[in-house]
Amino acid sequence: MSRTADDLRRNLRRIDGRGYPAYRDLKGTWQLPQFKLMVRHVQGDPFAAPSRVAAVLEPARAGFPAATIATASRRTGLSCLLARTFAARARNARPGRAGSGRSGEVAMTDPGQVVLSNTAVILGPEGTVEARFTVGLPAAGRRVLGRQAEKLLLETLPGLVSATLMHAAHDPAEVHRHAEVNEDADHLRSQLADRGLVAFIADGALLPRRSGIDDRPMDRGRATLFTSPPSLQVTLERLNGPPLAGMGIPRGVTLLVGGGYHGKSTVLDAVARGVYNHRPGDGRECVVTDPSAAKVQAEDGRSVAGVDISPFIGALPGGQDTTRFSTPNASGSTSQAAAIIEALEAGTRLLLIDEDTAATNFMIRDRRMQALVRGDDEPITPFIDRVRSLSEDAGVSTLLVIGGSGDYLDVADRVLAMIRYRPRDLTDKARVVAADHPTGRLAAEAEARWPLRHRVPEPGSVRPGRGRHRRHIKVQGRTAVAFGDDRIELAGVSQIVSWAQTRAIALAVAHARSHMGDQVAMEDVLAALEAELARHGLDVLDSGRPGDLALPRMQEVGAAISRLRSLRVARA
């Protein structure tokens with residue numbers, strides 16, 4: 001027999017004034033008038049991480065029309081609207097001091113501008129809504145404040161649920177808009193491959209952000225909206241609106257050139273984030289990119305484990321084997337070479353590179369330096385000598401921001417210039433310039449070999465445990481994770497968009513051990529993990545069913561595994 005709201009009220013009055021552990025009696029399911037309240041974890045102390053709870057609404061109570069939940073894309077768009085609304089309302093509803101520690105706090109993970117499958121709000125295909133959040137159970141010192149808890153759980157929470165998780169709480173047009181815009185973004189992205197494109201930026205897109213730490217769009221009054229150059233304009237179909245015109249970036253090698261502060265890096269960033277959908281009104285909701293795209297950069301000091309960087313780095317002084325290169329302290333050039341190979345290992349078909357974050361000696365070696373330093377004294381084959389082979393032999397395109405090396409004009413399929421935040425196709429002019437101003441640079445003679453040798457991660461080297469704890473994983477912001485006795489630095493993995501995604505990545509690294517074994521290559525580990533997440537959802541990563549996970553890509557999971565300093569690999 002299910003416990004009711006009256007049972008919960010009696011329980012809270014019974015434990016009023018007792019020691020804080022008495023709150024453990026709340027664990028379980030309570031049937032309230034509007035929803036089921038599921039208390040899954042009770043904090044042991046008012047100063048500890050708050051209790052984890054969920055509100056589950058039946059389809060008839062939630063009331064969302066069938067059309068808004070008809071596809072997975074629509075449900076994801078709508079779930080992010082509900083999570084964003086609940087999170088904001090909970091922040092604004094926080095009382096002043098309501099007791100010790102985190103007493104009275106209600107919080108949900110906010111999806112932000114990006115739309116990802118998440119565990120904050122899960123919408124079932126039949127219309128069930130499960131919202132997961134945390135609650136700080138009220139205490140005075142370390143004693144239960146039962147009356148305050150009664151108000152919190154039986155008045156404040158039902159009010160939040162009514163105001164955020166039901167169809168009646170929202171403008172019906174906005175509900176349909178969030179569902180349809182997300183579905184349209186998925187549909188736009190699905191057309192790229194058949195059209196020979198790696199990215200699409202709609203005319204009228206608002207690309208600039210408010211700042212480097214604020215992902216919201218720049219105010220429209222200050223921004224220049226995107227317009228495609230006529231030569232690259234394409235039209236893609238939408239399911240819920242008229243066809244959409246914009247700039248299509250074809251496969252191959254594309255340069256983004258132009259003066260400083262004219263918008264090159266902004267375009268590259270928009271393309272990098274175009275692997276994800278964006279909320280309506282973000283400005284980038286109609287910017288879509290090949291979902292495998294990876295932005296790579298130099299990362300001095302990172303760990304590298306058994307990566308075949310020989311296409312870029314040849315014989316090193318001391319005879320170190322670069323077909324299985326390992327180091328705890330990579331240089332700029334070796335780290336960037338490793339990042340590219342690791343991205344290919346994870347299935348990347350589009351590399352995104354900004355010269356501002358690249359190693360100069362990895363990107364280019366001009367004619368004067370070639371004359372000064374003999375070829376057999378230079379182990380680096382620069383990226384300029386491999387970018388065409390990547391495209392033609394490996395099927396991997398490159399979008400490259402370049403402002404200081406005209407040598408790349410010789411290897412580009414097309415050249416786009418950003419001039420006062422507007423793109424121009426300067427491909428024809430670039431070819432004339434390249435012909436009129438030959439550099440005399442000598443291309444590398446040795447051909448690259450694709451595909452590369454496969455790495456086999458050893459499961460025993462992926463150690464999430466610490467001491468008596470089978471799993472000790474703590475996310476320290478978006479860019480760092482304490483993982484067992486190790487630490488994973490992710491600052492150079494720039495397409496991670498949130499703390500929730502970082503947490504899912506860290507848990508996925510631990511879970512990936514179950515797919516590792518003798519002769520199982522890294523790419524097969526990642527493919528098996530991706531398939532498992534597609535079948536069973538994010539809850540497979542944490543049996544506690546938390547509400548703070550957002551779906552990661554295998555590019556970022558692979559990057560995190562590769563940055564484990566404990567990682568050891570064999571060869572398939």
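A salt bridge is taken here as a side-chain nitrogen of Lys or Arg within 4 Å of a carboxyl oxygen of Asp or Glu. By this rule, 34 salt bridges are counted in the structure, which is a predicted model. Side chains of opposite charge can pair when their charged atoms come close.

One of these contacts joins the side chains of arginine 209 and aspartate 282, with an N to O distance of 2.8 Å. Arginine 209 belongs to strand E12 (residues 209-211), whereas aspartate 282 is found in the loop between strand E17 (277-278) and strand E18 (287-289); the pair therefore ties together parts that are 73 residues apart in sequence. The relative accessible area of arginine 209 is 11%, and this residue is buried. Aspartate 282 is likewise buried, with a relative accessible area of 1%.

A second contact is formed by the side chains of arginine 349 and aspartate 290, at 3.0 Å from N to O. Here arginine 349 is located in the loop between helix H7 (332-345) and strand E22 (350-354), and aspartate 290 in the loop between E18 and strand E19 (294-295), so that parts 59 residues apart in sequence are tied together by the pair. Arginine 349 is partly exposed, its relative accessible area being 40%. Aspartate 290, by contrast, is buried, with a value of 10%.

Arginine 553 and glutamate 556 also form a salt bridge, in which the closest N and O atoms are 2.9 Å apart. Both arginine 553 and glutamate 556 are buried. In addition, Asp6, Arg9, Arg13 and Glu150 are joined into one network by salt bridges that share partners.

Attention may next be turned to a pair of strands. Strand E28 (residues 480-483) pairs with E29 in the antiparallel sense, and four bridges connect them. Within this pairing, alanine 482 has arginine 487 of E29 as its bridge partner. The two strands, E28 and E29, make up a hairpin with two residues between them. In the turn of this hairpin, glycine 484 adopts a positive phi of about 60 degrees.

In a regular strand the side chains alternate between the two faces of the sheet. Such alternation is present along strand E29 (residues 486-489). Asp486 and Ile488 point to one face and are buried, while Arg487 and Glu489 point to the other face and are not buried. Arg487, the bridge partner of alanine 482, thus has its side chain on the face opposite to that of Asp486 and Ile488.

How values were computed: Residues numbered from 1 in each chain as written. Predicted model: local features only at pLDDT ≥ 70, side-chain atom pairs only at ≥ 80, totals over all residues. Heavy atoms only, no water. Buried < 20%, exposed > 50% of the residue type's maximum accessible area, 1.4 Å probe, protein only. Pairing = 2+ DSSP bridges.
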